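Subject: Structure handover

Hello,

Here is the structure I promised to pass on. Please open it alongside this note.

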Amino acid sequence: MAKLTKNQKLVNSKIEAGKVYTLKEAAGLVKEITFTKFDASVDIDVRLGVDPRKANQMVRGTVSLPHGTGKQVRVLCICNPDAVAAAQEAGADYAGLEEYIDKIKGGWTDVDVIIAQPAVMGKLGQVARILGPRGLMPNPKSGTVTMDVAKAIKEVKQGKIDFKVDKNGIVHTSIGKVSFTPEQIFDNAREFVNTLIKLKPATAKGTYIKSIYLSSTMSPGIKVDTKAAE
């Protein structure tokens, strides 16, 4: 059996076996059990009582985190030439049309979010097979296909994220960084959970929020009390 490192022993001393923590307690504890040399992401995993195979139980949405994600989000705006200046002014890292379609065809996907005008979605269809598997294809449901690209860019830059339940009924996303204060982590986590609750499908039966875990990059998960969440 491998020996536990000094940090692993410290983590084990801080997390009580079998204990379920409040969201506020977990927000503070996740900072104490993270020992990475970089600013680790804080992640939340929520298991939902839904069947994602049924269209009427698919949970998908967006949330604007009060304190942002702590990440520098690289945004590409695919738009007509007359909207390029507004997109750049709103904070887009890249903005244009044909030149970026060609770059993507060549394998370039060095961005985090792509926002597009409805009028250019036909052109993006040419690169859907490249963008789709990477989760970069713009979608009206996530607010990344819109007439008001400037507003969408500002929201993404300020911390708006989109999420979707996976085939196992779990929603996983990053809600901040370990460098955030416990209060900031708590605020972001609470906003995310509250958004999930608002999106509860009418057809979902039984317990909706089955489990919540808060963790950071390379840290163990902290089990959160779901009763306090609902």
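Below is what came out of going through it, from the whole chain down to single residues.

**Overall**

Please keep in mind that this is a predicted model. The protein chain has nine helices and nine strands. Its C-alpha trace spans about 60 × 45 × 35 Å along the principal axes. There are 230 residues, and 45% of them count as buried. The chain exposes about 12500 Å². Carbon and sulfur atoms supply 50% of that area. Now take the contacts between residues at least 6 apart in sequence: 71% of them join residues at least 24 apart.

**The cores**

In soluble globular proteins, nonpolar side chains tend to be buried together. The largest nonpolar core here holds 36 residues. Those touching the most other members are I44, V46, L48, I175, I185, F192 and L214. Seven elements each supply at least two residues of this core: α2 (23-32), β1 (41-48), β6 (160-164), β7 (170-177), α8 (182-198), β8 (209-216) and β9 (222-224). Which of them gives the most? That is α8, with six residues. Another core lies apart from this one. It has 17 residues, among them V75, V84, A95 and A152.

I175 is a good place to start looking. Leaving out residues up to four places away in sequence, I175 touches V42, I44, L65, G68, F180, I185, N188, A189, F192 and L214.

L65 is on that list. Where does L65 sit? L65 is in the loop between β2 and β3. L65 counts as buried because its relative accessibility is 4%, under the 20% cut-off. Beyond its neighbours up to four places away, L65 touches Q158, G159, I161, S174, I175 and N188. L65 and G49 are 16 residues apart in sequence, yet their C-alpha atoms are 24 Å apart in space.

S215 belongs to strand β8. Is S215 buried or exposed? S215 is buried, because its relative accessibility is 11%. Setting aside neighbours within four places in sequence, S215 is in contact with V30, S41, V42, D43, D45, P220 and G221.

**The three-stranded sheet**

Strands of a sheet pair through backbone hydrogen bonds, either parallel or antiparallel. One open sheet here has three strands, in the order β4-β3-β5, with parallel pairing. β4 (94-96) and β5 (113-116) stand at the edges. Each has a single partner strand, so one side of each is left without a neighbour in the sheet. From one strand to the next, the twist averages 15 degrees.

β3 covers residues 75-78 and pairs with β5 over four bridges, in the parallel sense. To find the register, look at I78: its bridge partner in β5 is A116.

Two helices to check against this sheet are α4 and α7. Helix α4 (residues 98-105) lies across β3, β4 and β5. α4 runs at about 115 degrees to β4. Helix α7 (residues 149-158) packs on the sheet too, touching β3 and β5. The direction of α7 makes about 160 degrees with that of β5.

**β2 and β6**

Strand β2 (residues 60-64) pairs with β6 in the antiparallel sense, over five bridges. S64 has K160 as its bridge partner in β6. In a regular strand the side chains alternate between the two faces of the sheet. In β6, I161 and F163 make up the covered face. K160, D162 and K164 make up the uncovered one.

**Cysteines**

A disulfide is a covalent bond between the sulfur atoms of two cysteines. How many disulfides does a search of the whole structure find? The search finds zero. C77 is in no disulfide, and its nearest cysteine sulfur, that of C79, is 3.7 Å away. The pair does not count as a disulfide because the cut-off is 2.5 Å. C79 is likewise in no disulfide, with the sulfur of C77 nearest. C77 counts as buried because its relative accessibility is 0%. C79 is buried as well, with a relative accessible area of 0%.

Best wishes

Technical notes:
Residues are numbered from 1 along each chain as its sequence is written. This is a predicted model: local features need pLDDT of at least 70, side-chain atom pairs count only at pLDDT 80 or more; totals for chains, interfaces and linings use all residues. Side-chain values use heavy atoms; hydrogens and water are left out. A nonpolar core is a set of buried Ala, Val, Leu, Ile, Met, Phe, Trp, Tyr and Cys residues joined through side-chain atoms within 4.5 Å. Buried means under 20% relative accessible area, exposed over 50%, partly exposed in between (1.4 Å probe, protein chains only). Contact means heavy atoms within 4.5 Å. Two strands pair if DSSP finds at least two bridges between them. Axes are lines fitted to C-alpha atoms, for helices over the stretch in contact, and angles run from 0 to 180 degrees between N-to-C directions. Accessible areas come from the Shrake-Rupley method with a 1.4 Å probe; for residues, only the protein chains shown count as cover.
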